[in-house]
Amino acid sequence: MDSDIIIKLNKVNFYYGQSRALTDITMNFRKNKVSALIGPSGCGKSTLLRLLNRMNDLIDGTRIEGEIFFEEKNIYAKDVDPVEIRRKVGMVFQKPNPFPKTIYNNIAYGPKLTSMNTDDLDTLVEQSLKQAVLWDEVKDILNKSAMNLSGGQQQRLCIARALAMKPDILLMDEPTSALDPISTAKIEELIEELKKNYTIIIVTHNMQQAARISDETAFFYLGNMVEYNKTEKIFTNPDVKHTEEYITGRFG
Amino acid sequence: MEDMMKSFKNNSMKWRYFKQTLFFGAVRLSALIIALALGGILFYIIVNGIGAISWDFITKPPTDSMTKGGIMPAILGTIYLTIGAIAIGLPLGIASAIYLTEYAKQGRVIRLIKVGINCLAGVPSVVFGLFGLGFFVIFLKFGSSILSGSLTLGFLILPTIIGAAEEALKAVPQTFREASLSLGVSKWQTIYRIVLPNALPGILTGSILGIGRAAGETAPIMFTAAAYFTAKLPGSIFDEVMALPYHIYVLATAGTNIEATRPIQYGTVLVLVAVVLSIDLIAIIIRSYMRKNKRW
Amino acid sequence: MTRQTKEIIIKYVFFTFSLVSIIVLGLIVFSLFREGLPIFGKVSVKDFLLGMEWYPTSDPPSFGIFPLIIGSLIVTVLATIIAVPLGVMAAIYISEIAPQAIKEILKSVIELLAGLPSVVLGFFGMVVVAPWLQDTFDLPTGLNIINASMILAIMAIPTISSLSEDALYAVPREFKEASYALGATKFETITRVIIPSALSGISTAVMLGMARVIGETMVVLMVAGGAAAIPGSIFDSVRPMPASIAAEMGEAPFRSAHYQALFAIGIVLFFLTLFFNLVADYVSHKFRQVGSGTL
């Protein structure tokens, strides 16, 4: 296996009850790259993202076929603890969802509960907030409730919270769709910065965003992966006509 | 009248609005009657009962075959029984609700459990009394005691508490759970650290209404805990107690001199109503405050 | 122990707790049967249920609870007749008509009314309503069917009203808007669109209100008068089942026929209310509206 591949999907089918949400997905995600998943609503891109840290386990009546390898190990194998996977695969959600706790405790929550080495929690909190480019804005109000922050700040806090777990991969499910343009720009800059150390897989509705920040882009339609290639290629000269139609806004 | 009807039918819009006015009048009247019923009952109890209330009435035991003196043992007994009911109903209720909202998947077992809870909620209080007598007092040999009464009341309020806790747990946004789980925090820790603390105020206010019910119930404690009169205060959970609701019933129906003890009866009723309704009122106020200051 | 095993154990611990309600229900049946069934060695089920004479302390005693069943049913029906219009109309007022401030107050009023202990309402019926009835209608006693029914109606109103209100509130706004858009008045919208859509919820509310009334003890014990006979008018006294249990249990010798008969009444009462609750549950699930698109 190619050494810079971190996640490998092999013939993945996924069902909500009787209806199939993903059909025969086979694809690889590469280390330290930003991969974007695009496609119209209901195409299965968010479902796929949530498969990668086994968040779909939380939904009743779902079923998966096929294999997903994370660093050569099938994360859907019987002996795998999903909790273990989620520690290595962090997630940022569509709407900022800080806990109703202080800023400090939002960051410290995960490390404290997962028996990470927490000797120097203060440093970890500072580090994570700095990585998420939030430190300067909140360093004096660490003991204030996170609910008082603006939407953009909350989202960066959520990113910092995920980073505090020192994951290998960061999954982002439309992380800027609930934010204003200025906050969006900040998050995009941040993603640019983070890909030096992390593998980022991002679902986005916003085609320009995918074009701006990602290295590779996969286009999904009705549960199928239509095309997956270098972002530049997808946006300038896609192989499939369908992809071109979507990107140029002819449907979607 | 005949003419009026005709003119209404000729002018259909007017007729339609006339019906509406009539209906709205009836609807408002119904609401008014209900409000007046509560107001009337409270007013009557307060006016007649306030004269009996004094420091001695609340802090002294009854004397002269319960025709004089206070109601302190009954107040104390009600407090004991209510605390006992909470100690049993609250943890069981919260634990049930945690399973139902956090762990259970839709299916037959859950449906059965929910029907069971609804049926338990509908069991008449006197049947709870018989159950307490047959099971705790006789079968488990706890005797007529604080323990038997508390267990009976605890199971009586269990469905109320489960309902309140379920509602409060469901009100905690799913995104909180997802955020915690996505960090690799286990399910139980997520429930314990995130879900429960955020649901707790709602659970407690919802449960208070059940607790008010436990304090005011008579039939379930008649055969399981309540004594007509006790010379001593209870020393352990295996002792019988006097209780406010039963004391009212006894004085009003079987006292040595029913007419002469009316003031004491009114006084006791007032104390019970004050206790129960202030418990309820506190719950209602906290709840409306919480709704206005919702953090998420 | 791995974390996964621990999590599974925790899950099963909570599962066990969630079974407590069903276990208690089972224990209730067990206790009632254990103490009550032996009576049917002495009296046949038919004579017990349909016997016209309840003389548990005579010699020989007779254990016919038909008059008690009739007593229960008559006060329940009458209380329902009083409570349903008041409760449902109040619910309509709260959910469709009342201004916000009055709505909040009225909801609190209904909640407080639900909170009034039954012994307090019984006391009120005894010392206030009974003398008034006696004087006004020149009756031998004011402790009778109509008095008990009125007080029981007060107890049923909160259940009926708050559950009906939930049902009315759940009617999708689209329905109302569609009706208004067709030029219907508010009255027509309420009676032809909203109430029919909420009907299953309202029926459930009524069933649960009735279940509450039929099992209510202190009110009928203190106010219904206690005569174990078939009444001739609504001004006669009756002895509903819960009243008989509460009044006589204290005097019935332990495990005597009388004591067993009282438990047997408890069995009848338990299954009667269980029936009401199951029907209410069935109605509310069978006809529950799912989303605004499906009907």
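Salt bridges come to 33 over all chains by the rule used here. This is a predicted model, so please keep that in mind throughout.

I'll take chain A to begin with. E193(A) and K196(A) pair through their side chains in a salt bridge, with 2.9 Å from N to O. E193(A) is partly exposed, at 44% relative accessibility, and K196(A) is exposed, at 54%. Another pair in chain A is D215(A) with K195(A), at 3.1 Å from N to O. Here D215(A) sits in the loop between helix 8 (207-213) and strand 9 (216-221), while K195(A) sits in the loop between helix 7 (181-194) and strand 8 (199-203), so this salt bridge ties together parts of chain A that are 20 residues apart in sequence. D215(A) has a relative accessible area of 23%, which makes D215(A) partly exposed. Chain A also has a network of salt bridges, linking D4(A), R30(A), E216(A) and K230(A).

Now chain B. D56(B) and K60(B) form a salt bridge, and their closest N and O atoms are 3.4 Å apart. Both ends are partly exposed: D56(B) at 43% relative accessibility and K60(B) at 42%.

Next, the interface. How many salt bridges are there between chain B and chain A? The count is one. That salt bridge joins E178(B) to R50(A), with 3.0 Å between the closest N and O atoms. The rule also finds five residue pairs in polar contact across this interface, both residues being at pLDDT 80 or more. On the side of chain B that touches chain A, helix 8 (174-182) and helix 9 (187-216) each supply at least two residues. Helix 8 of chain B gives the largest share of that side, seven residues.

As for extent, the contact takes 21 residues from chain B and 25 residues from chain A. About 1,900 Å² is buried between the two chains, and carbon and sulfur atoms give 65% of that area. Which residues of chain B lose the most area to chain A? They are E178(B), S182(B) and L183(B), together 32% of what that side buries. So E178(B) appears on this list and also in the salt bridge with R50(A).

Last, a nonpolar item. L29(B), L32(B), I33(B) and L36(B) form a nonpolar patch on the surface, with about 380 Å² of accessible area together. One of these, L36(B), is found in helix 2 (residues 12-49) of chain B. Is L36(B) buried or exposed? L36(B) is exposed, because its relative accessible area is 55%.

Technical notes:
Residues numbered from 1 in each chain as written. Chains lettered and ligands numbered in written order. Predicted model: local features only at pLDDT ≥ 70, side-chain atom pairs only at ≥ 80, totals over all residues. Heavy atoms only, no water. Patch = residues over 30% accessible without salt bridge, like charges linked within 9 Å, V, L, I, M, F, W, Y side chains within 5 Å. Areas by Shrake-Rupley, 256 points an atom, 1.4 Å probe, with all protein chains shown as cover. Salt bridge = Lys/Arg side-chain N within 4 Å of Asp/Glu carboxyl O. Helix = DSSP H or I, 4+ residues; strand = E, 2+ residues; numbered from the N terminus. Buried < 20%, exposed > 50% of the residue type's maximum accessible area, 1.4 Å probe, protein only. Contact = heavy atoms within 4.5 Å. Buried area = accessible area lost by both parts, 1.4 Å probe. Polar contact = N/O pair within 3.5 Å; in protein donor to acceptor, adjacent residues only side chain to side chain.
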